[in-house]
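This report describes a complex, moving from one local pairing to the confidence scores, the chains and their contact.

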Amino acid sequence: MRYLPLTPQERADMLGVIGAASVDDLFVDVPEAARLAGPVAGLPSHASEMAVERHMSALAARNLSAGTAPFFIGAGAYRHHVPATVDHLIQRGEFLTAYTPYQPEIAQGTLQVLFEFQTQVARLFGTDVANASMYDGSTACWEAILMAGRVTRRSRAVLSGGLHPHYAEVVRTLARFTGDAITSLDAQLTAAPDDAAVIAAIDAETACVVVQYPDVLGRIPDLARISAAAQAAGALLICVVTEPVALGMIEAPGHLGADIVVGEGQSLGVGLQFGGPYLGLLGCREKFVRQMPGRLCGQTVDADGKRGFVLTLSTREQHIRREKATSNICTNSGLCALAFSIHLTLLGGEGMAQLAAVNHARAQAMVDRLTAIPGVTLLNDAYFNEATLLLPADAREVVRKLAERGVLGGVSLGRLFPGHPELASGLLVTATETVTDEDIEVFARELAQVLEGVAA
Amino acid sequence: MSGLNAAGWRPAMNDGGEAAAGPATASGDRGLMLEEPLIFELGTPAKCGVDLDAADRAPVQGLSRFLRKEAPALAGLTEPETVRHYTRLSRQNYAIDLGPFPLGSCTMKHNPRLNEKMARLPGFADVHPLQPQSTVTGALEVIEQLADWLIRLTGMASVAMSPKAGAHGELCGLLCIRAALDARGEARDVVLVPESAHGTNPATAAFAGFKVRSIPATATGRVDLDALKAALTPDVAGVMITNPNTCGLFEPDMKAIADAVHAAGGYVYCDGANFNAIVGKVRPGDLGVDAMHINLHKTFSTPHGGGGPGAGPVVLSEALAPFAPLPFVTRDVDGTVHLVEEENRGDGHDQAFGRMVAFHGQMGMFTRALTYILSHGADGLRQVAEDAVLNANYVLRACEDVLTAPFAASGPCMHEALFSDAGMAEGFSTLDVAKGLIDEGFHPMTVYFPLVVRGAMLIEPTETESKAGLDRFIASLRSLAQRAQAGDDTLHSAPHFAPRRRLDETLAARKPVLVWKGDAPAS
């Protein structure tokens, strides 16, 4: 087997050194009844690289990949062009095959990257500090709610109806077990987000309000207004960003009063990957540092006085504090953080603004063209690179028919919000820099035909 | 032993490293030992390594009041500068590609590059999680095929695929237990955790809303069965056991423990971090386990990436399977696969406890793990466990005369060898041996864990180390053990030959500097 270096002779020699007659003698602690006599039954034996490649390639070929079709899906995961440099660099073995940097003297590469990453995230979010990554946006969102509970010593969270429904479902699931009270507002097909309803739901027990920016329907909430209301009631504003490219164009949440900003970093460097691995981002005010979950990288000096980096404030963490830790997270998204950081380094601040401007322009071209179709209207007052269209038909059916025609034409609100028939006409469409005029034209043509077919 | 001997295959170490370092250089670099500034010291927001189109439209009217006043203060670099920055940084890292990485409990094995190649096929890498199901049947098939392997290898009833890492899998397993207890109408709120457990176990139990009660270990490093039985009060929801345990030993009473817990109305959670020792040899389902996470980034060789991403699917017994979270991929009788989400949960998953992540879990890790599993096959995976255990026992027996091995007398170890710092000269401890290993060109073992052994050194070679490689490692470890016994002071200042000397962790924690604030470089 190509991954196993020991030869039969070496195995025999090593057993001799150990003083064991056979390898089974090393498994003596396993009760006889639990020991399998041979390989697990009913499963295939080892296979060559060529054979495995054939099997996996055949499975991959059954999927319609985004790059081969007009593609307009977003809703929490975005298709952006990732420069070739990013994937090359993250595949360097020194990054790819290193562990969590527990031995800082020989992990300065990973540690400096994390320090740079934390700085980039903090600057993008407009927060004082950021951590070294979480699993994804949805789990980062839940961790932020727990963190707000520790900071405020309250246990009620208000979720905007504009929060991604999967994020809301993760929060509701976990809160049911921890006993936190969650007020989860319903999504509404209104031109503006539910800022007023969020503010009205804040009371003296509220630890935090959770607002997505832009929200799941592509609308932009007024964070400064919500922040002022939360602050007046002693609650924190948690801002959720699922599309960080938007922050190249709209103001950083931290500059608008958000106390904790969490996000999904997948847009930069990571790719779609059918949902994972992704990259949870978490930034906050400096005074909350000791309540943060996850790894933190900090600057220090070595015995010669040279600048160096270490994992720090680990007395918050599970391996030191055990059941009193701020979180149980251990392995996080290190390599995705590296990819994000490299992509952001390639862009720079002005490049980020430019990328955002291009995204917004592509989305405008898409919206203008699609709303020229009879019966199709735009819901949003404002949007960045995704917006909600109202169709004269059930959008689920339309998406299905578009897929049959080779167009990945957005996400229906019926799929995102099952059990909410009042949202059924909503279609969430997204355009990034990867969308061409021709893609838009094909989408518009096919959508018009599908709608005619539905009407007929 | 090999022809390599304990006197060392590298030049003998000199006094403290300064002399070997030679004269100071003007650049601060020393040959291939390269220093690298921060991107914020190298770049500017105006620099860019990407050619972007021009935006041909002004922002929509409604957006104007939300616009940023200025571009983010992010340093940019051109492409050549970017490649150089990260390549230079990479050279300050140790990695499995460079040599043994014997971190106990972490299973740092070779990462086959075929896994990387397969994960990057556009049909897997460039697919959106919310595409219509008809366009992603291959992706769902990967999830189902991997799930089938995990179920068969563990002898369990079902598997929840979505957890993102080991600790997230622990949470998933404990929430399944909470849900099962809720369904029984019982409010048990205590989880028993042996004192040798990974820190994630008690942290997860607390995260899931349980109280933690600690169970002591016996003198031979196992769970104390009598103490455990005595702790099985009616408020006990279950037990979290690591098997093989964190001392690198199999728990021979596992079935008896499970039977006792079940008889008392509780469930058995097994921390599967050490599954590599028994994959293909033992099925946890045969030992009475109700839930166990599998770290795909350990046993199934998806890379660690400097701290993730991992993946932590949780295999479940018949008793817990109905409560697995959504989304869930199932195979129909006609052989096709389909996705169960909130809207069609009535399709056999109406008791699902909810959702743990936004999408389907770590698909990129699933493709890598399935590629690895298909490469090894059932026979190869069995050989993996045997070679992993053989390599660990070889290290144990080759070093037990110079290092204290607290449990070696009780018999063989599993996939990791445990030593302590007992017997070292006054003032010398595990840390000195660990830092000495860095100078020898190796990554240190796991140190000061498990907590049940003072000055623990936990060594997990894995099956992908050759005998020659192990012999070199053993020679270095023996040399260091002897130097620690003899009180060789130069060990205290190790490492001497790494990109950095020992770092001031106290300073880092006392005055945290977590982001760059424009201070000048110190060197």
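Two strands count as paired if DSSP finds at least two bridges between them. By that criterion β11(B) and β12(B) pair, since two bridges join them in the antiparallel sense. In this pairing B:V447 stands opposite B:M457 of β12(B). Both strands belong to an open antiparallel sheet of three strands in chain B, ordered β10-β12-β11. Its edge strands are β10 (417-419) and β11 of chain B, each of which pairs on one side only.

**Confidence**

The model is predicted. The predictor assigns the complex an ipTM of 0.97 and a pTM of 0.96. In chain B the average pLDDT is 93, and 95% of the residues score at least 70. Residues 1-19 of chain B have pLDDT under 50 throughout, and the model gives this stretch 27 contacts beyond four places in sequence. Where pLDDT is low, the predicted coordinates should not be read in detail.

**Chain B: domains and helix α12**

Chain B is divided into domain 1 (37-48 + 72-91), domain 2 (117-371) and domain 3 (382-501). Taken over C-alpha atoms, the centres of domain 1 and domain 2 of chain B are 41 Å apart.

Helix α12 (residues 430-439) of chain B is largely enclosed by the rest of the structure, because nine of its 10 residues are buried. A residue is called buried here if 20 or more other C-beta atoms lie within 10 Å of its own. The buried residues of α12(B) include charged side chains as listed by name: B:D432, B:K435 and B:D439 are among them. Others in the buried set are B:T430, B:V433, B:A434, B:G436, B:L437 and B:I438. The cover over these residues includes β11 (446-447), β12 (457-459) and α13 (467-486) of chain B. Two strands of the open sheet, β11 and β12 of chain B, thus appear in that cover. After α12(B) comes B:G441, with a positive phi near 95 degrees.

**Chain A: overall build and strand β13**

Chain A has 14 helices and 13 strands. Along the principal axes, its C-alpha atoms fill a box of roughly 80 × 55 × 45 Å. Of the 456 residues in chain A, 64% are buried. Among contacts in chain A between residues at least 6 apart in sequence, 73% join residues at least 24 apart.

Strand β13 (residues 426-430) of chain A is largely enclosed by the rest of the structure, since five of its five residues are buried. A:G426, A:L428 and A:T430 point one way from β13(A), while A:L427 and A:V429 point the other way. Burial therefore applies to both faces of the strand, as every residue named on either side is buried. The pairings of β13(A) are set out below.

| Partner of β13(A) | Sense | Bridges |
|---|---|---|
| β11(A), residues 386-390 | antiparallel | five bridges |
| β12(A), residues 411-412 | antiparallel | two bridges |

In the pairing with β11(A), A:A387 stands opposite A:V429. On the β12(A) side, A:S412 has A:L427 as its bridge partner in β13(A).

**Contact between the chains**

The contact takes 172 residues from chain A and 179 residues from chain B. On the side of chain A that touches chain B, helix α11 (residues 334-370) of chain A supplies the largest share, 22 residues. This side of chain A divides into 86 nonpolar, 56 polar and 30 charged residues.

Key. Residues are numbered from 1 along each chain as its sequence is written. Chains are lettered from A and ligands numbered from 1 in the order in which they are written. Two residues are in contact if their C-beta atoms, placed from the backbone, lie within 7 Å. Helices (H or I, at least four residues) and strands (E, at least two) are DSSP runs, numbered from the N terminus. A residue is buried if 20 or more other C-beta atoms lie within 10 Å of its own, exposed if 12 or fewer, and partly exposed in between; C-beta atoms are placed from the backbone. pLDDT is the predictor's confidence in each residue, from 0 to 100. Domain bounds come from an automatic or database domain assignment.
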